[in-house]
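Student: Could we go through this model together, taking the labels attached to it one at a time and asking what stands behind each?

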Amino acid sequence: MSNFDIINLMVVFIDESGIHKQEGHSTVAVVYVEIFNLLKFQEQFEEILKRLRIKEFHWADHGWKVRKKFFEAIASLDYLFKVAIFENPTNQVKMMEIVFQHLITEKNIRSIFIDGKKPKWYEQDLKRVLRAKGITVKKLKTVRKETSYFGVQLADALAGLIRYSKDNPGPDVKEMILSLKRGKKLFGEYLFTSIK
């Protein structure tokens with residue numbers, strides 16, 4: 001495939017946060033990375049992890065000191081994201097179908113990686129939702145968080161931050177969200193009521 005063929009194609013990474021809670025909010029972050037710059041994105045992300053002296057970034061595993069440094073560092077990366085916010089409790093399968101119906105709207109997607117191993121029927125169901133919208137994706141795969149999926153780690157961080165900001169609004173978290181908006185990283189935010 002030539003460079004001309006892959007310009008403007010994207011790889012999408014999806015992660016959710018707070019889906020097992022009975023109150024508060026769940027979030028699903030959808031992170032778009034242009035495939036032409038995917039290698040550069042991966043190299044820069046790996047360098048950020050090295051500077052922070054961590055092997056992987058997971059929202060739940062780090063305190064505010066590391067979280068703040070991480071979000072300052074990722075400001076320079078080339079990505080965009082959308083987020084869906086749900087009131088808890090919510091039905092996970094229906095929640096992801098809604099995400100695919102409302103947040104995955106771009107036609108130029110090459111691959112989608114979703115955090116968390118799911119059954120094959122789950123992947124097939126989501127592909128069906130995309131096909132109904134006229135979106136063809138070469139690869140849709142559910143994956144475990146691994147260092148090779150830096151985009152999934154980024155989606156985890158963004159989903160965790162947005163959920164935390166809804167359930168625990170405070171000056172530090174508000175500033176981190178404002179920084180993402182000022183940097184034009186967040187380009188869609190959707191609020192849904194509980195889905196059972």
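Student: What makes Lys185 a charge that lies over the face of Tyr79?

Tutor: In this predicted model, Lys185 lies 4.9 Å from the ring centre of Tyr79, and the rule asks for NZ of Lys within 6 Å of the ring centre and within 35 degrees of the ring normal. Arg67 is likewise placed over the face of Trp59, at 3.8 Å from the ring centre, where the rule takes CZ of Arg as the atom.

Student: Why is the pair of Phe45 and Phe70 called edge-to-face?

Tutor: The model counts 14 aromatic pairs, and among them is that of Phe45 and Phe70, with 5.8 Å centre to centre and 75 degrees between the planes. Rings pair if their centres lie within 6.5 Å, and planes over 60 degrees apart count as edge-to-face, so both parts of the label follow. The pair links distant parts of the chain, since Phe45 belongs to helix 2 (residues 38-52) and Phe70 to helix 3, 25 residues apart.

Student: How do you know whether Phe45 and Phe70 are buried or exposed?

Tutor: Buried means under 20% relative accessible area; Phe45 has 0% and therefore counts as buried, and Phe70, with a relative accessible area of 0%, is buried too.

Student: Why, then, is the pair of Phe113 and Tyr149 given the label tilted?

Tutor: Its planes are 50 degrees apart and its centres 5.1 Å, and because an angle under 30 degrees would be stacked and one over 60 edge-to-face, the value falls in the remaining class, tilted. Phe113 lies in strand 4 (residues 109-115) and Tyr149 in the loop between strand 5 (139-143) and helix 6, so this pair ties together parts that are 36 residues apart in sequence. Phe113, at 10% relative accessibility, counts as buried, as does Tyr149 at 14%.

Student: Which residues do ring pairs link into a cluster?

Tutor: The cluster holds Phe41, Phe45, Phe57, Trp59, Trp64, Phe70, Phe71, Phe150 and Tyr164.

Student: What makes the contact of helix 3 with helix 6 nonpolar, polar or charged in its residues?

Tutor: The axes of helix 3 (residues 64-74) and helix 6 (residues 150-167) come within 12 Å and cross at roughly 120 degrees, and the crossing is left-handed. Helix 3 contributes Trp64, Phe70, Phe71 and Ile74 to the contact, and helix 6 contributes Leu154, Ala157, Leu158, Leu161 and Tyr164. Ala, Leu, Ile, Phe, Trp and Tyr are among the residue types that count as nonpolar, and the contact accordingly divides into 9 nonpolar, no polar and no charged residues.

Student: How do you know whether Arg53 is buried or exposed, and what is notable about its phi?

Tutor: Exposed means over 50% relative accessible area, and Arg53 has 78%, so the residue is exposed. Arg53 lies in the loop between helix 2 and helix 3, and its phi is near 60 degrees, a positive value in a residue other than glycine. Most residues other than glycine have a negative phi. Lys184, in the loop between helix 7 (171-182) and strand 6 (186-192), also has a positive phi, of about 55 degrees, although it is not a glycine, and with a relative accessible area of 65% Lys184 is exposed.

Student: How do you know whether Ala84 is buried or exposed?

Tutor: Ala84, in strand 3 (residues 80-87), has 0% relative accessibility and so counts as buried. Leaving aside neighbours within four places in sequence, Ala84 is in contact with Ser26, Thr27, Val28, Val99, Leu103, Tyr190 and Phe192.

Note on methods: Residues are numbered from 1 along each chain as its sequence is written. This is a predicted model: local features need pLDDT of at least 70, side-chain atom pairs count only at pLDDT 80 or more; totals for chains, interfaces and linings use all residues. Side-chain values use heavy atoms; hydrogens and water are left out. Axes are lines fitted to C-alpha atoms, for helices over the stretch in contact, and angles run from 0 to 180 degrees between N-to-C directions. Helices (H or I, at least four residues) and strands (E, at least two) are DSSP runs, numbered from the N terminus. A crossing is left-handed if the near helix is turned anticlockwise from the far one by less than a right angle, and right-handed if clockwise. Contact means heavy atoms within 4.5 Å. Rings of Phe, Tyr and Trp (its six-membered ring) pair if their centres lie within 6.5 Å; planes under 30 degrees apart count as stacked, over 60 as edge-to-face and the rest as tilted. Buried means under 20% relative accessible area, exposed over 50%, partly exposed in between (1.4 Å probe, protein chains only).
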